[in-house]
Amino acid sequence: MLEKTTFNAPDGRPYQLISLQNEKGMRIQLMDWGATWLSCQVPVKGELREVLLGCKIEHYPIQQAYLGTTVGRYANRIAKAQFELNGEIVQLVANQGEHQLHGGEGFDKRRWEMQKCGENSVRFFLSSPDGDQGFPGNVEVAVTYTLTEDNEVKIEYEGTSDKDTALNLTNHAYFNLENAVQASDVREHHLRLNADFYLPVDGEGIPNSPLKHVVGTSFDFRQLKPIKQDFLQEEQKITKGYDHSFIVNKAWQKPCVLLISPNGDLTLEVRTSQAALQVYTGNYLAGTPTREGGEYTDFSGIALETQCLPDTPNHPEWQNYGGIQKAGSPYYQWTLFKFEANNSPHSI
């Protein structure tokens, strides 16, 4: 179902919203502004439960949390908003102090063309000109959302550039499997990560160390545990919680993430073709507008952003995980979010 708002986006045209629903009753809603994932309602115990943080449509251009948006050209941070490519310094537009975050005035703040719209999927397209936010190359990207009959949301990313450039796309959805409307404390959820290594960062989110093994640290989620169990330990102290990237083990073969609601009545599994995963526990969500006209508090949701490592353009040793796109070479990545309700929940 396609609808247009009665009010306009910053470009003077209405927002276009598309709703998809499967035979099991699961519903998702998407928007052409920012190729945004607006809503995700999953049937649990005979009722639809909203599991995605969101705000009123008119607040999306002003909210600062990237709620459900497609971020690029480069998701995450690039230190000092510059990097060297093919012997030349590329100077980017800084938007977080001296650094660039999520591509500057990037893809989340653009009108995407709704190219294809079917019963179970929608494809958004965007052209980014050479020099956009400082990045070289004319880039064309597409994002396709598909809702399956198995209560899965698959997001596929495609792209090409006519010059070598930095390219790293992800979705910035925040999940709360218990209640994304009232937004309970997501630290009560249980989390398992199929990841042996994480990347330490400084207080500005810039990598300041080589990859580090999770063994013996608060970043060890190889066994299911409450998010709150080792919260604010070690390097988390300077980032106010988890806001770190993990290298995922053979992510396409088995889930890289298992997230379970506090009482065990809903689970989320994530699979991806991406090499890394940014886990962000919503440490600075306070003040972000809600759908109901209120404000979220910190730790209201968790972002599970599949991508390459932050600041990869400045780290050739990480570029085997992605991040630098060669001219003419096709970019393709996918992530699958699978929801499963347990209608006879029990304490975990």
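Is Glu305 buried or exposed, and what is its relative accessibility? In this predicted model, Glu305 has a relative accessibility of 3% and therefore counts as buried. Here buried means under 20% relative accessible area and exposed means over 50%, with partly exposed in between, using a 1.4 Å probe and protein chains only. Residues are numbered from 1 along each chain as its sequence is written. Because the model is predicted, local features need pLDDT of at least 70 and side-chain atom pairs count only at pLDDT 80 or more, while totals for chains, interfaces and linings use all residues; side-chain values use heavy atoms, leaving out hydrogens and water.

Glu305 has a companion worth meeting. The UniProt record, an unreviewed entry, places the feature "active site" at His172 and Glu305; such positions are given in the numbering used here, feature names are shortened, and annotations may be inferred rather than shown by experiment. The two span 134 residues in sequence, yet their C-alpha atoms are no more than 6.0 Å apart, so they gather at one spot. Both His172 and Glu305 belong to the lining of the largest pocket. On a 1 Å grid over the protein atoms alone, a pocket is an open set of points where a 1.4 Å probe fits, with protein on both sides within 12 Å along at least five of seven lines, and lining residues have an atom within 4 Å of a point.

His172 is found in the loop between strand E16 (170-171) and strand E17 (174-175), whereas Glu305 lies in strand E26 (residues 302-307). Strands (E, at least two residues) are DSSP runs, numbered from the N terminus. With 4% relative accessibility, His172 also counts as buried. The side chains of His172 and Glu305 are joined by a polar contact of 3.4 Å, that is, a pair of N or O atoms within 3.5 Å; within protein, one must be able to donate a hydrogen and the other to accept it, and residues adjacent in sequence count only if both atoms are side-chain atoms. Setting aside residues up to four places away in sequence, the contacts of His172 (heavy atoms within 4.5 Å) include His102, Tyr280 and Ala303. For Glu305, with neighbours within four places likewise left out, the contacts include His102, Ala276 and Gln278.

Gln278 leads on to the sheet. Strand E25 (residues 276-280) runs antiparallel to E26, joined by five bridges, and Gln278 is the bridge partner of Glu305. Two strands pair if DSSP finds at least two bridges between them. The open sheet has six strands in the order E17-E26-E25-E22-E19-E20, with antiparallel pairing. E17 and strand E20 (212-213) stand at the edges with a single partner strand each, so one side of each lacks a neighbour in the sheet. Strand E22 (residues 243-248) contains Asp243, which counts as buried at 14% relative accessibility. A polar contact of 2.9 Å links the side chains of Asp243 and Gln278.

Another set of strands centres on E24. Five of the seven residues of strand E24 (residues 266-272) are buried, so this strand is largely enclosed by the rest of the structure. E24 pairs in the antiparallel sense with strand E23 (residues 257-260) over four bridges, and with strand E28 (residues 331-341) over seven bridges, also antiparallel. Within E24, Glu269 stands opposite Leu258, and the bridge partner of Glu269 in E28 is Lys338.
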